[in-house]
Structure formats: structure tokens, C-alpha cells
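Colleague: I would like to go through the labels attached to this model and hear the reasoning behind each of them. Could we take the aromatic rings to begin with?

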Amino acid sequence: MTYEVAVRAEAALGEGPTWDADAGRLIWVDILGCRVHTYDPVSGRRTVRTTEQHVGAAKPRAGGGLVLNLRDGIGVVDPDGTFRTLRHDPVPGRRANDAAVAPDGSLWAGTMRYDEAPGGGTLSRLTGDGTVTTVLDDVAVSNGTGWSPDGRLMYYIDSPTRRIDVFDHDTGTGRVTGRRPFASVEEGAGFPDGLTVDADGCVWVALWGGSAVRRYTPDGTLDRVIDLPVPLVTACAFGGAGLTDLYITTARTGLTAPHPLAGSVLVVPGAGEGLRQPAFRG
């Protein structure tokens, strides 16, 4: 598969690509740059919003605007651009990381310590009424989260484990049980980072330090690898009018001689067929 450059940028830690189907645009963040970006592939229009703290993820809200996974908690941006705090939960030495919206519209927000200490991160579920439930409280680097097409499985990555795990997901209560390994990334191939699930139930995983995106079939078999020129590949998501284009975020933080495309958003046209992502109901 051949990649193209969607957005040429120098993001320190580009992350969390999300296709906003209602607006026809890609949303992504630069975590360490404290910026939320949007990109319209039809018009080429780009916007940038600066946040006052590190931002792990930005997702569309059902009523318009965005929900932000921030260092000190969860914030929302209203349709008129007004920012307000939804949940204030600062922990010294900890920041937000990847997040995802479940089929029921709840936000599953991950955290990690800046020093990546084991057990220093969490994964929490936030419903539209502000109720918070801790799903996992012993995480190092909370990363990719996604659901199978029928919503009955949840995939999750705690990057240092080198595993993509899978849970049984109760679509009525949001409860997850039966955690087990789905696939593992071998030593020397990088660390699993962000993920997305396609319409066939295949799991696409970005490899931090691995210069690639991998696709695993529903039984955990590796069947496709997209090689990329940048080492720090952070996340991927399907977008475009038919949800067939795979957008890939990258980073350049810590690299002494970064590739010219490090920190850019890449795209693989016609990579597959994605799932329409729900918006946060809050």
C-alpha cells in the first residue's frame, strides 16, 4: 500500500486521528504541542486550537463541539468555541493520553505518568451525565482502544506490554470482562500504540518505533503491514467520504535527526472500509 502526505507538519507528538463524519473533517492532536488540529481533505482547510495544557485526545460531541482528554481532566468545547471543564482531576506527574468513544457514546479516557512508570496510568469511562467509572487502575501507558463492529468486544493497548488485549464488552452497561491477549508485537518491531477497527472486524495498530501500521484479522492473525518512512507511528483511523482512507499520525519527539515527514499526518487511500465513529453524548 502506498502512503501520501495528508498534512505536512512537525508535530512533536501527533496523535488520535478521528474522522468527524458530520463535519467531513479529520481531528487530531499534538499532545506535547498543546494543539487540536482539524483538516478537511476536500477543501484543504486546516484549523488549529491551542490548549492551556497537554491534550491527549479530541473527539466530536453529539451536539457539536469537542470533548478533550486533558492533563488535568476532561474538558469540552461548545459549538461556539467556548471551553469549559467537565471533570477536574489533576494528579502530579500524570497526563492524559489516548481516548475513544464507545458505541453508547461514553468517553473512555486513558492516562499515563510522564515517566511511564508501571501502574501510574488508568483507563476511565465517562458518561454524558458526568459519571466516571475506573475501568483499569494499573496501567503504564494507556493507548489504543476500540470496539468490534457489533460492540461486543473491546480492544485495548497498554503499550509496554507489547500486547493488544481484548475484553468482552456488555453493550448495555459498558462493563468489560474476560481480559485476554489478542495479539502481540515481537521484540524489535516497536510498541503497539493507537488502533482502529474496520468494518470486517480487523484491528489496525500503529507501531511506535516500528515504522509501520499492522492489520490483524479477528482471530489475531497478522495479515497486512504498511511500511512507513518515519519511526514513531502513533495512531490510525479511517476517514474520507466512504471511510476508506486510512489516516496515520506520527511524532518526532526525542529524535535527533527526524525524517522530514516526522510529525506529519499520512494517508493510505483505499486501505479498507472503516466504521463510523460515535460522538460523545455529553
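Modeller: Ring pairs link Tyr155, Phe182 and Tyr216 into a cluster, and this comes from a predicted model, so every value is computed from predicted coordinates.

Colleague: How many aromatic pairs does a search of the whole structure find?

Modeller: The search finds five aromatic pairs. One of them is formed by Trp19 and Tyr247, with 6.2 Å from centre to centre and 10° between the planes.

Colleague: Why is the pair of Trp19 and Tyr247 called stacked?

Modeller: The centres must lie within 6.5 Å and the planes under 30 degrees apart; Trp19 and Tyr247, at 6.2 Å and 10°, satisfy both conditions, and the pair is therefore stacked. Because Trp19 lies in strand E2 (residues 14–20) and Tyr247 in strand E23, the pair ties together parts that are 228 residues apart in sequence. Both Trp19 and Tyr247 are buried.

Colleague: What makes the pair of Trp108 and Trp147 edge-to-face?

Modeller: Here the angle between the planes is 75° and the centres are 5.4 Å apart; planes over 60 degrees apart count as edge-to-face, so the label follows. Trp108 belongs to strand E11 (residues 107–113) and Trp147 to strand E14 (residues 142–147), so this pair ties together parts that are 39 residues apart in sequence. Trp108 is buried, as is Trp147.

Colleague: How do you know that Val135 is partly exposed?

Modeller: Its relative accessible area is 23%, and since buried requires under 20% and exposed requires over 50%, this value falls in between, so Val135 is partly exposed. Val135 is found in strand E13 (residues 132–139), and, leaving aside its neighbours within four places in sequence, Val135 is in contact with Trp108, Leu123, Ser124, Arg125 and Val176.

Colleague: What makes the charged end of Arg162 count as sitting over the ring of Phe191?

Modeller: The charged end of Arg162 is 4.0 Å from the centre of the Phe191 ring, and the distance part of the criterion asks for CZ of Arg within 6 Å, so that part is met. The criterion also has an angular part, and Arg162 is listed as sitting over the ring.

Colleague: Why are E3 and E4 said to pair?

Modeller: At least two bridges are needed, and five bridges join strand E3 (residues 25–30) to E4, so the two strands pair, and they run antiparallel. Trp28 stands opposite His37 in E4. The two strands form a hairpin with four residues between them, and Cys34 in the turn has a positive phi of about 55°. E4 is also joined by five bridges to strand E5 (residues 46–50), again running antiparallel.

Colleague: What makes E1 and E22 edge strands of their sheet?

Modeller: The sheet is open and has the order E1-E24-E23-E22, with antiparallel pairing. Strand E1 (4–7) and E22 each have a single partner strand, so one side of each is left without a neighbour in the sheet. E22 pairs with E23 over six bridges, and in E23 the bridge partner of Ala235 is Thr249.

Colleague: Which residues have the most contacts inside the largest nonpolar core?

Modeller: They are Trp204, Val213, Ile226, Leu228, Val233, Leu246 and Ile248, in a core of 17 residues. The largest share of this core, three residues, comes from E22.

Technical notes: Residues are numbered from 1 along each chain as its sequence is written. This is a predicted model: local features need pLDDT of at least 70, side-chain atom pairs count only at pLDDT 80 or more; totals for chains, interfaces and linings use all residues. Side-chain values use heavy atoms; hydrogens and water are left out. A nonpolar core is a set of buried Ala, Val, Leu, Ile, Met, Phe, Trp, Tyr and Cys residues joined through side-chain atoms within 4.5 Å. Buried means under 20% relative accessible area, exposed over 50%, partly exposed in between (1.4 Å probe, protein chains only). Contact means heavy atoms within 4.5 Å. Rings of Phe, Tyr and Trp (its six-membered ring) pair if their centres lie within 6.5 Å; planes under 30 degrees apart count as stacked, over 60 as edge-to-face and the rest as tilted. A charge sits over a ring if NZ of Lys or CZ of Arg is within 6 Å of the ring centre and within 35 degrees of the ring normal.
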